[in-house]
Amino acid sequence: MTTIKVRDEQEIINKLASYIEKISNDAINSRGRFYVGLSGGSTVKYLCESLPRVDTEWSKWVLAFCDERVVAEDSEDSTFGTYKRRLIPKTGLKNSQFIVLKQGVTAQEAAVEYTQQLKIAFNGDNFKFDLLLLGMGPDGHTCSLFPGHPLLDEVNLPVAAITDSPKPPPERITLTFPVINNARNCIFTISGGEKADVVKRILKDKEDLPAGRVNPIAGSAYWIVDDAAAAKL
Ligand SMILES: O=C1O[C@H](COP(=O)(O)O)[C@@H](O)[C@H](O)[C@H]1O
(Lines give C-alpha, C1' and ligand atoms only; values in the text may rest on other atoms or scores of the structure.)
Protein backbone atom coordinates (compact mmCIF):
# COMPACT_ATOMS: atom_id res chain seq x y z
CA MET A 1 0.00 0.00 0.00
CA THR A 2 1.49 3.33 -1.04
CA THR A 3 0.10 6.53 0.42
CA ILE A 4 0.56 9.65 -1.69
CA LYS A 5 -0.23 12.84 0.18
CA VAL A 6 -1.19 15.84 -1.91
CA ARG A 7 -2.32 19.33 -1.02
CA ASP A 8 -5.82 19.53 -2.41
CA GLU A 9 -8.32 18.21 -4.93
CA GLN A 10 -6.51 19.86 -7.82
CA GLU A 11 -3.38 17.91 -6.96
CA ILE A 12 -5.43 14.72 -6.70
CA ILE A 13 -6.59 15.33 -10.26
CA ASN A 14 -3.03 16.00 -11.49
CA LYS A 15 -1.59 12.93 -9.78
CA LEU A 16 -4.43 10.72 -10.95
CA ALA A 17 -3.96 11.83 -14.57
CA SER A 18 -0.28 10.92 -14.51
CA TYR A 19 -0.88 7.49 -12.93
CA ILE A 20 -3.65 6.67 -15.38
CA GLU A 21 -1.55 7.75 -18.35
CA LYS A 22 1.35 5.55 -17.31
CA ILE A 23 -0.71 2.50 -16.34
CA SER A 24 -2.92 2.65 -19.46
CA ASN A 25 0.02 3.07 -21.84
CA ASP A 26 2.01 0.29 -20.16
CA ALA A 27 -1.00 -2.05 -20.47
CA ILE A 28 -1.62 -1.13 -24.11
CA ASN A 29 2.05 -1.53 -25.01
CA SER A 30 2.33 -4.90 -23.25
CA ARG A 31 -1.04 -6.50 -23.91
CA GLY A 32 -2.82 -4.35 -26.49
CA ARG A 33 -5.75 -3.47 -24.22
CA PHE A 34 -6.39 -1.50 -21.06
CA TYR A 35 -9.00 -2.93 -18.69
CA VAL A 36 -10.20 -0.37 -16.17
CA GLY A 37 -12.92 -0.36 -13.52
CA LEU A 38 -14.59 2.92 -12.55
CA SER A 39 -16.35 3.89 -9.34
CA GLY A 40 -19.15 6.33 -8.64
CA GLY A 41 -19.42 9.02 -5.97
CA SER A 42 -16.55 11.49 -5.70
CA THR A 43 -14.39 9.43 -8.11
CA VAL A 44 -16.60 10.71 -10.95
CA LYS A 45 -15.54 14.28 -10.27
CA TYR A 46 -11.84 13.39 -10.30
CA LEU A 47 -12.06 11.29 -13.45
CA CYS A 48 -14.07 13.89 -15.36
CA GLU A 49 -11.23 16.35 -14.74
CA SER A 50 -8.22 14.06 -15.08
CA LEU A 51 -9.10 11.70 -17.95
CA PRO A 52 -9.49 14.36 -20.66
CA ARG A 53 -5.81 15.25 -20.09
CA VAL A 54 -4.54 11.71 -20.52
CA ASP A 55 -2.53 10.99 -23.66
CA THR A 56 -3.60 7.45 -24.56
CA GLU A 57 -5.08 5.28 -27.30
CA TRP A 58 -8.72 5.56 -26.27
CA SER A 59 -9.85 2.82 -28.66
CA LYS A 60 -7.87 0.25 -26.64
CA TRP A 61 -9.76 0.94 -23.40
CA VAL A 62 -12.30 -1.53 -22.01
CA LEU A 63 -14.29 0.07 -19.18
CA ALA A 64 -16.36 -1.64 -16.51
CA PHE A 65 -17.77 -0.56 -13.16
CA CYS A 66 -16.40 -1.46 -9.73
CA ASP A 67 -19.99 -1.13 -8.63
CA GLU A 68 -23.18 0.14 -10.20
CA ARG A 69 -26.60 1.06 -8.93
CA VAL A 70 -29.58 -0.91 -10.23
CA VAL A 71 -31.48 2.09 -11.56
CA ALA A 72 -32.47 3.42 -14.96
CA GLU A 73 -29.54 4.75 -16.99
CA ASP A 74 -31.06 8.23 -17.08
CA SER A 75 -31.33 8.34 -13.26
CA GLU A 76 -29.03 10.70 -11.35
CA ASP A 77 -27.92 7.62 -9.40
CA SER A 78 -26.68 5.69 -12.43
CA THR A 79 -22.88 5.75 -12.45
CA PHE A 80 -22.72 4.94 -16.17
CA GLY A 81 -25.36 7.60 -16.88
CA THR A 82 -23.20 10.17 -15.10
CA TYR A 83 -20.04 9.24 -17.02
CA LYS A 84 -22.03 9.22 -20.25
CA ARG A 85 -23.12 12.80 -19.69
CA ARG A 86 -20.04 14.23 -18.03
CA LEU A 87 -17.00 12.26 -19.20
CA ILE A 88 -17.43 10.56 -22.55
CA PRO A 89 -17.92 13.80 -24.56
CA LYS A 90 -14.60 15.10 -23.16
CA THR A 91 -12.52 12.07 -24.26
CA GLY A 92 -12.05 9.82 -27.28
CA LEU A 93 -14.14 7.10 -25.60
CA LYS A 94 -17.33 5.67 -27.08
CA ASN A 95 -20.38 4.39 -25.18
CA SER A 96 -19.82 0.95 -26.68
CA GLN A 97 -16.51 0.56 -24.82
CA PHE A 98 -18.34 0.49 -21.46
CA ILE A 99 -19.63 -2.74 -19.97
CA VAL A 100 -22.96 -1.57 -18.67
CA LEU A 101 -25.69 -2.95 -16.48
CA LYS A 102 -28.61 -4.63 -18.20
CA GLN A 103 -31.71 -2.51 -17.74
CA GLY A 104 -35.08 -3.62 -16.35
CA VAL A 105 -33.88 -6.70 -14.45
CA THR A 106 -33.44 -7.52 -10.76
CA ALA A 107 -30.13 -6.94 -8.98
CA GLN A 108 -29.49 -10.71 -8.93
CA GLU A 109 -30.15 -11.02 -12.65
CA ALA A 110 -28.03 -7.95 -13.34
CA ALA A 111 -25.06 -9.41 -11.42
CA VAL A 112 -25.26 -12.72 -13.32
CA GLU A 113 -25.54 -10.91 -16.65
CA TYR A 114 -22.69 -8.54 -15.78
CA THR A 115 -20.50 -11.56 -15.00
CA GLN A 116 -21.31 -12.97 -18.45
CA GLN A 117 -20.31 -9.70 -20.09
CA LEU A 118 -17.03 -9.69 -18.17
CA LYS A 119 -16.33 -13.27 -19.29
CA ILE A 120 -16.67 -12.13 -22.88
CA ALA A 121 -14.55 -9.02 -22.33
CA PHE A 122 -11.77 -10.94 -20.57
CA ASN A 123 -12.09 -13.97 -22.81
CA GLY A 124 -12.56 -16.30 -19.83
CA ASP A 125 -12.96 -16.40 -16.07
CA ASN A 126 -9.78 -14.57 -15.06
CA PHE A 127 -11.04 -11.03 -14.59
CA LYS A 128 -7.71 -9.23 -14.35
CA PHE A 129 -8.17 -5.47 -14.40
CA ASP A 130 -5.15 -3.31 -15.18
CA LEU A 131 -6.57 -0.63 -12.93
CA LEU A 132 -9.47 -0.19 -10.52
CA LEU A 133 -10.30 3.41 -9.65
CA LEU A 134 -11.80 3.30 -6.19
CA GLY A 135 -13.52 5.60 -3.75
CA MET A 136 -14.15 5.17 -0.05
CA GLY A 137 -17.12 6.36 1.99
CA PRO A 138 -16.77 7.86 5.50
CA ASP A 139 -17.80 4.43 6.90
CA GLY A 140 -14.88 2.73 5.11
CA HIS A 141 -16.91 1.11 2.34
CA THR A 142 -15.50 0.75 -1.14
CA CYS A 143 -17.33 -0.40 -4.28
CA SER A 144 -20.66 -1.52 -2.71
CA LEU A 145 -18.90 -3.51 0.02
CA PHE A 146 -20.03 -2.16 3.36
CA PRO A 147 -18.68 -2.74 6.89
CA GLY A 148 -20.06 -5.90 8.48
CA HIS A 149 -21.87 -7.02 5.31
CA PRO A 150 -21.71 -10.75 4.40
CA LEU A 151 -20.53 -9.82 0.87
CA LEU A 152 -17.13 -8.96 2.34
CA ASP A 153 -16.50 -12.69 2.59
CA GLU A 154 -17.83 -13.64 -0.85
CA VAL A 155 -15.31 -15.91 -2.51
CA ASN A 156 -17.28 -17.59 -5.30
CA LEU A 157 -19.08 -14.80 -7.14
CA PRO A 158 -16.90 -12.29 -9.02
CA VAL A 159 -19.84 -9.88 -9.23
CA ALA A 160 -22.51 -9.90 -6.53
CA ALA A 161 -25.88 -8.27 -6.02
CA ILE A 162 -26.67 -6.26 -2.92
CA THR A 163 -30.25 -5.32 -2.13
CA ASP A 164 -29.76 -3.81 1.33
CA SER A 165 -27.09 -1.19 0.72
CA PRO A 166 -27.02 1.10 3.78
CA LYS A 167 -26.24 3.98 1.38
CA PRO A 168 -29.05 4.63 -1.09
CA PRO A 169 -30.01 3.41 -3.57
CA PRO A 170 -30.32 -0.02 -1.88
CA GLU A 171 -30.01 -2.20 -5.00
CA ARG A 172 -26.59 -2.46 -6.58
CA ILE A 173 -24.07 -4.82 -8.07
CA THR A 174 -20.46 -4.88 -6.99
CA LEU A 175 -17.16 -6.54 -7.78
CA THR A 176 -16.09 -8.75 -4.89
CA PHE A 177 -12.69 -9.04 -3.22
CA PRO A 178 -11.39 -11.99 -5.30
CA VAL A 179 -11.66 -9.76 -8.40
CA ILE A 180 -10.56 -6.55 -6.70
CA ASN A 181 -7.44 -8.18 -5.29
CA ASN A 182 -6.68 -9.82 -8.64
CA ALA A 183 -6.16 -6.36 -10.19
CA ARG A 184 -2.76 -5.15 -11.31
CA ASN A 185 -3.34 -1.72 -9.76
CA CYS A 186 -5.90 -0.07 -7.49
CA ILE A 187 -6.00 3.66 -6.88
CA PHE A 188 -8.07 5.34 -4.17
CA THR A 189 -8.70 9.08 -4.41
CA ILE A 190 -9.76 10.50 -1.05
CA SER A 191 -10.40 14.09 -0.06
CA GLY A 192 -12.00 16.15 2.68
CA GLY A 193 -11.94 16.37 6.47
CA GLU A 194 -15.04 14.18 6.85
CA LYS A 195 -12.87 11.23 5.76
CA ALA A 196 -9.90 12.01 8.05
CA ASP A 197 -11.11 9.63 10.78
CA VAL A 198 -11.64 6.65 8.52
CA VAL A 199 -8.36 7.27 6.68
CA LYS A 200 -6.60 7.11 10.05
CA ARG A 201 -8.53 4.02 11.17
CA ILE A 202 -7.46 2.17 8.02
CA LEU A 203 -3.99 3.48 7.18
CA LYS A 204 -2.66 4.11 10.69
CA ASP A 205 -4.64 1.91 13.08
CA LYS A 206 -4.98 -0.90 10.50
CA GLU A 207 -8.63 -1.44 11.43
CA ASP A 208 -10.35 -4.10 9.35
CA LEU A 209 -12.71 -2.02 7.21
CA PRO A 210 -13.67 -2.85 3.60
CA ALA A 211 -11.36 -0.34 1.89
CA GLY A 212 -8.47 -1.66 3.99
CA ARG A 213 -8.99 -5.11 2.50
CA VAL A 214 -7.96 -3.84 -0.93
CA ASN A 215 -4.56 -5.41 -1.24
CA PRO A 216 -3.89 -6.85 -4.71
CA ILE A 217 -2.11 -10.21 -4.45
CA ALA A 218 0.29 -9.46 -7.31
CA GLY A 219 -0.32 -5.78 -7.80
CA SER A 220 -0.18 -2.36 -6.20
CA ALA A 221 -2.59 -0.25 -4.17
CA TYR A 222 -2.15 3.52 -4.12
CA TRP A 223 -3.99 5.92 -1.84
CA ILE A 224 -3.98 9.49 -3.13
CA VAL A 225 -5.11 11.50 -0.11
CA ASP A 226 -5.39 15.27 0.23
CA ASP A 227 -4.20 17.25 3.28
CA ALA A 228 -7.66 17.41 4.86
CA ALA A 229 -8.26 13.66 4.60
CA ALA A 230 -4.71 12.91 5.78
CA ALA A 231 -4.94 15.27 8.77
CA LYS A 232 -4.98 12.46 11.36
CA LEU A 233 -2.19 10.32 9.89
O1 LIG B 1 -21.92 4.54 -3.11
C2 LIG B 1 -20.79 4.63 -3.48
O3 LIG B 1 -19.86 5.15 -2.63
C4 LIG B 1 -18.46 4.98 -2.83
C5 LIG B 1 -17.76 6.13 -2.11
O6 LIG B 1 -18.31 7.34 -2.58
P7 LIG B 1 -17.66 8.76 -2.24
O8 LIG B 1 -18.61 9.78 -2.83
O9 LIG B 1 -17.58 8.88 -0.74
O10 LIG B 1 -16.34 8.80 -2.90
C11 LIG B 1 -18.11 4.92 -4.31
O12 LIG B 1 -16.74 4.63 -4.48
C13 LIG B 1 -18.99 3.86 -4.98
O14 LIG B 1 -18.65 3.69 -6.33
C15 LIG B 1 -20.42 4.33 -4.87
O16 LIG B 1 -21.35 3.46 -5.49
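**Close-up views of a predicted model**

**View 1. The residues around the ligand.** Of the 13 residues that surround the ligand, Ser-39, Gly-40, Gly-41, Ser-42 and Gly-135 come nearest. This is a predicted model, so please read each view with that in mind. By character, the shell around the ligand divides into 9 polar residues, 2 nonpolar ones and 2 charged ones.

**View 2. A cis peptide bond between two prolines.** Here we look at the bond from Pro-168 to Pro-169, which is cis, with omega near -5°. For comparison, most peptide bonds are trans. To find the spot, follow strand 6 (159-162) into the loop that leads to strand 7 (172-175); Pro-169 lies in that loop.

**View 3. Asn-123 and its positive phi.** Asn-123 is not a glycine, yet its phi is positive, at about 60°. Most residues other than glycine have a negative phi. Asn-123 belongs to the loop between helix 4 (107-122) and strand 5 (131-134). Is this residue buried or exposed? Asn-123 is exposed, because just 7 other C-beta atoms lie within 10 Å, and a residue with 12 or fewer falls in that class.

**View 4. Cys-143, another residue with a positive phi.** Cys-143 has a positive phi of about 50°, and it too is not a glycine. You will find Cys-143 in the loop between strand 5 and strand 6. What are its surroundings like, buried or exposed? Cys-143 counts as buried, because it has 30 C-beta neighbours inside 10 Å and the cut-off for a buried residue is 20 or more.

Methods
Residues numbered from 1 in each chain as written. Predicted model: local features only at pLDDT ≥ 70, side-chain atom pairs only at ≥ 80, totals over all residues. Near = placed C-beta within 6 Å. Nonpolar A, V, L, I, M, F, W, Y, C, P; charged D, E, K, R; others polar. Helix = DSSP H or I, 4+ residues; strand = E, 2+ residues; numbered from the N terminus.
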